[in-house]
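Colleague: I'd like to learn how to read a model like this one, feature by feature. Could you walk me through it?

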Amino acid sequence: MIQSSRQLTLITSICMGLLITSCKENNNQTTLKRAPADLRLAEEPYQSQEVINQRMAIVIPYLEKATGLRIDYVPAINYEHSHQMLRDGDVDLINIGLYGGFKLLHNNPKVTPLVIQKRSFRSVLIRNSASLENSQERSDGASPLSIVHNQSIGFGSRASGSTFLQPLLHLHQQEVPFLSISECFHEPNTNHLPLLVADGSIDLAFIPSLSGDPLQAIAPEVRDKVSVVWQSELSRNDFVVTAVHPAQSLKHEQLQKVATALLALNPERPEHQRVLATWGYQGFEKPNPSFPHQTLQKVADVHASTGGFPTCQNL
């Protein structure tokens, strides 16, 4: 009986020891998981969260390997939330488009561009293929975008630089009054715009394109039902911005490591092309006088001349 008690005590002690060890290991694992990141990165949610998660699963490992830093991706609820996180210091970097850049950088000395996409973006105007002949007649003897006169036009989200602000800039440049459009609509999911053009719900739509085929993002079953009636020259829309930090600070040094890693991306290297392909970019460059600041000034001029950006109905 005494021996049984001693055995029971020994077994209990061993179990308690294993339990304590297990708890310590779990605590250590929890501590490791909760270790703070060196930098936090966000994106404007212009795509589904699933698509962005897939991109970050490729981008973050590249950046961490190239910089030696720990970098976390922080999802954004909407465009404004992504901007607010940078303003509040909840994230350190944000990949942003022209509209967001205007809201963050224009007259805001606390935010600065880090790197910009190489020229690879263009704005494309599409129409139902069956009505292409009429659209060509409308544009004879006038600026190409005069085709929008008295037409119903589809744009992307009102907060989108690529699918709303860029078209506004092109219309302004060609002196085509926005009020000459009979109806305009916002469709946040730009993949739906070709479908609406194809079935005749709207006359024309502005869609974004990155290099290559201007209809590359259009579903195969719709491609023969829509045609390109106008496209811009290759330009830029996206760039990475950060909060301003003192030049000698650790945060500034870390951000420069990220800039170096992004600038090093080379589409001719397969492992780099995989990273770039998740965005559709050809690479990154340093900011220059033309972009983003001169482009943002053009945006400001349009904003001032029209008394604010127009608003369309939501589809």
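Modeller: Sure, and let's start with one bridge in a sheet. Val111 has Ala243 in β10 as its bridge partner. Keep in mind throughout that this is a predicted model.

Colleague: What does a bridge like that tell me, and in which sense do strand β4 and strand β10 pair?

Modeller: The general idea is that strands of a sheet pair through backbone hydrogen bonds, in either a parallel or an antiparallel way. Here β4 (residues 111-117) and β10 (residues 239-243) run antiparallel, with five bridges between them.

Colleague: In what order do the six strands of the open sheet come?

Modeller: Read across, the order is β2-β1-β3-β10-β4-β11, and the pairing is mixed. The edges are β2 (71-73) and β11 (284-285), each of which pairs on one side only. Helix α2 (residues 49-67) packs on this sheet, where it touches β1 (39-43) and β2. The direction of α2 makes about 175° with that of β2.

Colleague: And which strands does helix α4 lie across?

Modeller: Helix α4 (residues 98-105) lies across β3 (93-96), β4 and β10. Its direction is at about 20° to β10.

Colleague: Let's step back for a moment. How many helices and strands does the protein have?

Modeller: There are 11 helices and 12 strands. Of the 315 residues, 45% count as buried. The exposed surface of the protein comes to about 16400 Å², with carbon and sulfur atoms supplying 53% of it. Contacts can be sorted by sequence separation too: among those between residues at least 6 apart, 77% join residues at least 24 apart.

Colleague: How should I read a helix for burial, and how many residues of α6 are buried?

Modeller: Start with the geometry: an α-helix has 3.6 residues a turn, so residues three or four places apart point the same way. Then look at the residues one by one. In α6, 11 of the 13 residues are buried, so the helix is largely enclosed by the rest of the structure. The buried ones include Phe164, Leu165, Leu168 and Leu169, but also Gln166 and His170.

Colleague: What happens to the backbone just after α6?

Modeller: Just after α6, Glu175 takes a positive phi of about 55°, although Glu175 is not a glycine. Glu175 sits in the loop between α6 (161-173) and β7 and is exposed, at 72% relative accessible area.

Colleague: I've spotted Asn150 as well. What is its phi, and where is it found?

Modeller: Phi of Asn150 is near 60°, again a positive value in a residue other than glycine. Asn150 belongs to the loop between α5 (132-139) and β6 (152-155). With a relative accessible area of 58%, Asn150 is exposed.

Colleague: Now the peptide bonds. Which residues does the cis peptide bond join?

Modeller: Phe291 and Pro292, with omega at about 5°. Pro292 lies in helix α11.

Colleague: How do I read a disulfide, and which cysteines does it join here?

Modeller: In general, a disulfide is a covalent bond between the sulfur atoms of two cysteines. This structure holds one, and it joins Cys184 to Cys312 with an S to S distance of 2.0 Å. The angle about the S-S bond is -105°, and the link of Cys184 and Cys312 is left-handed.

Colleague: Which parts does the pair tie together?

Modeller: Cys184 lies in strand β7 (residues 183-186) and Cys312 in the loop between α11 (290-305) and β12 (313-314), so the pair ties together parts that are 128 residues apart in sequence.

Colleague: Is that buried or exposed for Cys184 and Cys312?

Modeller: Buried for both: Cys184 has a relative accessible area of 11%, and Cys312 has 9%.

Colleague: One more, a polar side chain. What does the side chain of Asn128 reach?

Modeller: The side chain of Asn128 reaches the backbone nitrogen of Ala130 at 2.9 Å and the backbone oxygen of Val197 at 3.2 Å. Asn128 is in strand β5 (residues 121-128) and counts as buried, at 18% relative accessibility. Setting aside residues up to four places away in sequence, Asn128 touches Val197, Ala198, Gly200, Asp203 and Lys225.

Terms used
Residues numbered from 1 in each chain as written. Predicted model: local features only at pLDDT ≥ 70, side-chain atom pairs only at ≥ 80, totals over all residues. Heavy atoms only, no water. Disulfide = S-S within 2.5 Å. Helix = DSSP H or I, 4+ residues; strand = E, 2+ residues; numbered from the N terminus. Buried < 20%, exposed > 50% of the residue type's maximum accessible area, 1.4 Å probe, protein only. Contact = heavy atoms within 4.5 Å. Areas by Shrake-Rupley, 256 points an atom, 1.4 Å probe, with all protein chains shown as cover. Pairing = 2+ DSSP bridges. Axes fitted to C-alpha atoms, helices over the stretch in contact; angles between N-to-C directions. Polar contact = N/O pair within 3.5 Å; in protein donor to acceptor, adjacent residues only side chain to side chain.
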